Amino acid sequence: MGVQLSKRCALLAVALGVVLAAPAVIAADIGPLPALKYDKAKAELGKRLFFDMRLSGDAGIACSTCHDPANGFSSPTALSKGYPGNGHFRNAPSVINAGHKKVWMHDGRLGTSLNDVTREMITEDYIMNMDMRIMQERLKQDPVYVKMFKDAGYGEPSNGKVRKAIPEYLMSLTSKNVPFDKGTMSAAAKRGMKLFTGKAGCVQCHNGPLFTDQKAHNTGVPENFDVFLDPMNHQAFLAFAMFQGIENYMNLKRDPGYYNVTTDKADMGKFITPSLRELKYTAPYMHNGMVKTLEDVVVFYNNGGGEDSNKSSLLKPLGLSKGERSDLVAFLLSLSGDPLTGAEYVWQEPYPEEYEAIANWQKVRN
Ligand code: HEC
Ligand code: HEC
């Protein structure tokens with residue numbers, strides 16, 4: 001009887017296996033990004049804050065130190081800088097189009113709002129290491145901020161309003177004049193798009209107007225051992241892992257990725273699919289900057305991704321010819337628009353270095 005049953009189960013499993021192994025048909029849902037609404041005065045204030053080093057504890061770094069406009073608002077080095085005195089363990093992603101996302105950070109640990117992301121960036125000790133109360137007082141010392149907060153309808157400078165104004169600025173950072181959106185792609189890019197949505201299977205994960213399903217997958221990107229061998233980076237990793245409550249973190253020699261969110265071993269080494277917009281500016285690639293160029297990215301996928309026991313079954317060697325590989329790169333490049341490096345996006349006025357002493361400061365309310 002028992003044997004009979006298990007035989008039946010085996011048969012059932014085989015039948016199911018056949019169904020599961022059939023290629024999933026994923027409809028490509030790629031297209032232009034919808035416009036984002038934002039308030040001009042609030043975004044202008046957010047811009048000044050984003051480039052202001054006074055938002056970090058020792059006034060040594062600004063958001064823009066790691067999210068560099070010249071590199072598509074991402075870090076040009078494989079691993080991001082950290083708060084002075086330590087390094088970091090991941091690449092700082094581009095914040096262009098961050099306002100379109102529903103989930104942030106490479107491991108997807110923040111999923112509520114850009115307000116939360118902004119708070120994490122400012123207060124995290126290995127990022128900006130700032131006490132929000134001190135930040136608020138610093139901002140009140142600067143008459144330009146006092147006026148800008150007022151003009152933006154925010155009243156007095158406060159930490160809550162900083163966490164509103166910066167996201168407003170981030171909403172203004174969206175792709176501009178993208179060949180894919182405008183329908184001005186080259187013939188090579190059009191051939192690449194066919195591969196992307198067909199034979200190369202990229203659209204299985206990179207779908208929607210942002211070219212991401214915003215879900216976590218393991219693609220087998222190799223570890224960046226600079227995280228564990230360079231004490232500057234490792235101490236940031238340890239601070240992160242300790243605070244997140246990751247077990248056995250002192251001995252961990254890999255980035256746990258999405259496991260950090262679910263604590264399910266099956267999610268070890270999974271990362272949220274990144275957007276493929278603005279890649280022209282944002283090298284190097286992947287959560288740890290381990291892939292240097294888009295040509296290398298395509299070679300990586302052509303080999304069926306990297307090596308990991310948890311690797312997604314959606315990745316298989318692709319057998320793309322040299323011509324097909326360069327068409328795919330041409331398509332990826334057609335998803336990048338104008339660089340956002342002009343005064344519309346980058347704060348260019350100097351910040352005051354000295355302030356007039358406030359007479360009777362204990363009685364003053366601004
Ligand atoms: C010291 C470097 C550094 C500074 C300064 C910094 N960031 Fe980041 N930022 C990062 C890194 C690294 C990540 C990815 C972290 C991760 O996945 O764990 C990130 C992630 C983000 C993301 C999520 C992007 C995405 O697509 O998931 C946003 C948005 C962001 N930062 C905005 C800001 C803002 C706003 C500031 C200033 C208040 C700021 N950052 C300051 C390094 C920095
Ligand atoms: C199984 C889902 C999946 C498939 C299929 C897939 N990707 Fe990815 N892709 C990801 C994930 C997840 C990452 C992030 C991995 C990491 O950071 O370690 C990524 C990263 C990338 C990056 C780096 C982006 C950046 O900003 O760092 C590029 C470029 C890319 N993929 C292009 C492609 C192309 C081209 C294809 C088809 C040949 C493809 N992907 C197929 C899930 C997938």
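Start at ligand 2 and select Met286: one of its polar backbone atoms sits 2.7 Å from an oxygen atom of the ligand. Keep in mind that this is a predicted model.

Stay at ligand 2 and pick His287. A polar side-chain atom of His287 is 2.6 Å from an oxygen atom of ligand 2. Next, click His206. Here a polar side-chain atom lies 2.8 Å from a nitrogen atom of the ligand.

Now show the whole shell. It has 21 residues around ligand 2, and the nearest are Cys202, Cys205, His206, His287 and Tyr301. Colour the shell by class: 14 residues are nonpolar, 7 are polar and none is charged.

Select Cys202 from that group. Is Cys202 buried or exposed? Its relative accessibility is 16%, so Cys202 counts as buried, the cut-off being under 20%. Jump to Cys63 for another cysteine. Cys63 has a relative accessible area of 12% and is therefore buried too. Do not look for disulfides: the structure holds 0.

Move on to ligand 1 and select its iron atom. Which residues coordinate the iron? His67 does so through NE2 and Met121 through SD, at 2.1 to 2.5 Å. Trace these two along the chain. His67 is in the loop between helix H3 (63-66) and helix H4 (114-123). Met121 is in helix H4. The pair is 54 residues apart and links distant parts of the chain. Both His67 and Met121 are buried.

Last stop: display every donor around the iron atom of ligand 1. There are 6 donor atoms, and they subtend angles of 84 to 179°, so the arrangement is octahedral.

Definitions and conventions: Residues numbered from 1 in each chain as written. Chains lettered and ligands numbered in written order. Predicted model: local features only at pLDDT ≥ 70, side-chain atom pairs only at ≥ 80, totals over all residues. Heavy atoms only, no water. Donors = N, O, S within 2.8 Å, 3.2 Å for Na, K, Ca; no water. Tetrahedral: all angles 85-135°; square planar, octahedral: opposite > 155°, others 65-115°. Helix = DSSP H or I, 4+ residues; strand = E, 2+ residues; numbered from the N terminus. Buried < 20%, exposed > 50% of the residue type's maximum accessible area, 1.4 Å probe, protein only. Disulfide = S-S within 2.5 Å. Near = heavy atom within 4 Å. Polar contact = N/O pair within 3.5 Å; in protein donor to acceptor, adjacent residues only side chain to side chain. Nonpolar A, V, L, I, M, F, W, Y, C, P; charged D, E, K, R; others polar.
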